[in-house]
Amino acid sequence: MAVAEVDRHSFVAGGLAPQLALLDGGARNPWEQPLFFWLGLAPFLLLAVFLGLMGLIFPAGVLIGLYLIGATFVAPQIGLYVLFAIQAWDPYFVDPAKVLETYGLLTPTKAFSFIVILAFLLNRRQQRQPIVVTRRAYTACAAFILWGLLIAIFAPNPMLGVRYAAQVFVLVAVSYAATRLLRTREQVNRLMFWTIAGSFSASLAFYLLGDPSSRQRGTLGEYSNPNTTAMTLSIGMMAIPAAWGLTRRKWMWALYAPGAAFIMYTLMRTGSRATCAGVVIAYSLGAVLTRGRGFFKKLATAVFATAFGLTLFFVILNAHVLDEKSQERLEALVSTGQPTTSEFSRWAIWRNSLKVFTSSPLVGAGMGNAPQAMSELLHGEARDV
């Protein structure tokens with residue numbers, strides 16, 4: 001959404017030519033400049049390294065976290081960069097022992113999301129980008145959240161429905177803050193870079209902290225689901241085309257291409273078919289849905305991005321470098337055979353979930369309540385859709 005908002009042709013088409021200066025102009029708050037941020041971080045980083053060498057890892061992390069929180073309240077853009085960089089690491093912090101009933105698990109990304117939203121609300125001095133291209137999208141998101149809260153009343157576990165609706169609200173609020181605060185092309189480009197850097201570093205951790213020699217589907221962290229790991233890594237993959245289009249330093253392409261290959265390879269080791277397909281679909285639709293630029297230019301961009309994503313997928317798949325289970329799952333995604341009818345297959349889950357949906361088509365079961373509703377209707381069966 002943020003990329004769409006800072007498209008030059010969108011401003012012209014919308015009669016907002018005076019705002020072209022904001023599109024390519026420099027940041028007004030000096031703390032939005034990387035130099036000020038890194039100079040401020042230096043003493044905190046040195047002290048954190050000293051604490052780390054003494055074995056005080058947690059206090060070192062808290063020290064860096066306090067600096068990042070303070071910087072976010074001075075320049076909320078910094079908080080957005082941090083948030084999109086650390087989101088890929090969330091699976092590493094999944095721990096069943098720390099899950100609270102109904103409220104779930106508070107991961108670093110969830111916690112920092114509230115910091116970013118609060119900084120956005122409190123920092124009134126920031127000049128904010130007007131919502132133009134994405135107005136209808138945010139209206140639809142607001143309607144979806146309200147509908148989720150309404151049907152939670154009829155859910156087997158109403159508080160669970162409210163929790164999921166609240167999670168959607170936080171995601172939309174962070175996206176809204178990014179759209180309003182990232183005013184220049186360079187700021188959006190910086191967001192794309194740190195999103196990719198976060199996914200790349202999480203991919204490294206996948207091998208350093210996991211068990212890459214296992215014949216099972218890979219994951220980041222001892223308890224996280226492979227699909228969760230895949231979804232967080234996919235955010236960085238989906239940022240690749242935007243980063244290519246926004247960067248003025250063409251030599252960055254030489255870094256993004258192998259980086260994308262490494263992230264995609266790691267993503268495929270999770271065996272998540274839906275996420276791999278989602279990346280390619282995002283490449284296909286992303287450029288086409290961006291306003292302005294002309295139809296044929298957008299179409300050419302979409303074709304190139306889709307070809308890039310598909311080439312990466314099939315090169316890795318045909319190299320047979322994945323673990324046995326992930327290889328079989330992803331080959332099944334592109335095979336022409338009949339879908340499996342196993343009781344644990346996607347088709348079986350969707351078939352049973354359709355029975356649950358038709359039993360209450362108007363209000364459904366409420367967000368996050370599918371397993372409970374399924375177990376009530378189909379005794380002995382409780383699967384997350």
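**Figure 1. Thr-232, a buried residue in helix α11.** With a relative accessible area of 10%, Thr-232 is buried, because anything under 20% falls in that class. This is a predicted model, so the close-ups here all show predicted positions. Thr-232 sits in helix α11, a helix that covers residues 226-246. Once its neighbours within four places in sequence are set aside, Thr-232 is in contact with Gln-87, Ala-88, Pro-91 and Ser-199. Ser-199 turns up again in Figure 3, as one of the α10 residues that make the contact with α12.

**Figure 2. Ala-239, another stop along helix α11.** Ala-239 is also part of helix α11. Its relative accessible area is 4%, so Ala-239 counts as buried. Which residues does Ala-239 touch, not counting those up to four places away in sequence? They are Met-192, Thr-195 and Ile-196. Trp-194 belongs in this view too: its C-alpha atom is 9.6 Å from that of Ala-239, although the two are 45 residues apart along the chain.

**Figure 3. Helix α10 crossing helix α12.** Here we look at α10, residues 185-208, and α12, residues 253-269. Their axes come within 9 Å and cross at roughly 50°. That angle makes α10 oblique to α12. The crossing of α10 past α12 is left-handed. On the α10 side, the contact is made by Asn-189, Phe-193, Ile-196, Ser-199, Phe-200, Ser-203, Leu-204, Phe-206 and Tyr-207. On the α12 side, look for Tyr-256, Gly-259, Phe-262, Ile-263, Tyr-265, Thr-266 and Arg-269. Sorted by class, the residues of this contact of α10 with α12 come out as 10 nonpolar, five polar and one charged.

**Figure 4. Helix α6 against helix α9.** The pair in this view is α6 (residues 76-86) and α9 (residues 158-181), packed at an angle of about 130° with their axes 10 Å apart. That makes α6 oblique to α9. The crossing of α6 past α9 is left-handed. From α6 come Pro-76, Gln-77, Leu-80, Leu-83 and Phe-84, and they meet Val-174, Ala-177, Ala-178 and Leu-181 of α9. How many residues of each class does the contact of α6 with α9 have? There are eight nonpolar, one polar and no charged residues.

**Figure 5. The largest nonpolar core.** This core has 58 residues. Leu-80, Met-237, Ile-240, Met-264 and Met-268 are the members that touch the most others. Helix α11 gives the most to this core, with nine residues. Zoom in on Met-264 and you'll find Met-237, Cys-276, Leu-312, Phe-313 and Ile-316 touching it, not counting residues up to four places away in sequence. There is also a second, separate core of five residues, with Val-356, Ala-373, Met-374 and Leu-378 among them.

**Figure 6. Ser-353 in helix α16.** Ser-353 has its place in helix α16, which spans residues 346-359. At 16% relative accessibility, is Ser-353 buried or exposed? Ser-353 counts as buried, because the cut-off for that class is under 20%. Leaving aside neighbours within four places in sequence, Ser-353 is in contact with Met-374 and Val-385. Met-374 is one of the residues in the second nonpolar core.

**Figure 7. Lys-110 in helix α7.** Lys-110 lies in helix α7, residues 108-122. Its relative accessibility is 28%, so Lys-110 counts as partly exposed. Lys-110 touches Asp-90, Leu-105 and Gln-167, again not counting residues up to four places away in sequence. Gln-87 is 23 residues from Lys-110 in sequence, and the two are 8.6 Å apart in space, C-alpha to C-alpha. Gln-87 also appeared in Figure 1, as a contact of Thr-232.

**Figure 8. His-320 in a loop.** The loop in this view runs between α14 (295-319) and α15 (324-334), and His-320 is found there. The phi of His-320 is near 55°, a positive value in a residue other than glycine. Most residues other than glycine have a negative phi. At 53% relative accessibility, His-320 counts as exposed, because the cut-off for that class is over 50%.

**Figure 9. Zooming back out.** The protein chain has 17 helices and zero strands. Of its 385 residues, 42% count as buried. Among contacts in the chain with a separation of 6 or more, 73% are between residues 24 or more positions apart.

Terms used
Residues numbered from 1 in each chain as written. Predicted model: local features only at pLDDT ≥ 70, side-chain atom pairs only at ≥ 80, totals over all residues. Heavy atoms only, no water. Axes fitted to C-alpha atoms, helices over the stretch in contact; angles between N-to-C directions. Helix = DSSP H or I, 4+ residues; strand = E, 2+ residues; numbered from the N terminus. Parallel < 35°, antiparallel > 145°, perpendicular 65-115°, else oblique. Left-handed = near helix turned anticlockwise from the far one by under 90°. Contact = heavy atoms within 4.5 Å. Nonpolar A, V, L, I, M, F, W, Y, C, P; charged D, E, K, R; others polar. Core = buried A, V, L, I, M, F, W, Y, C linked by side-chain atoms within 4.5 Å. Buried < 20%, exposed > 50% of the residue type's maximum accessible area, 1.4 Å probe, protein only.
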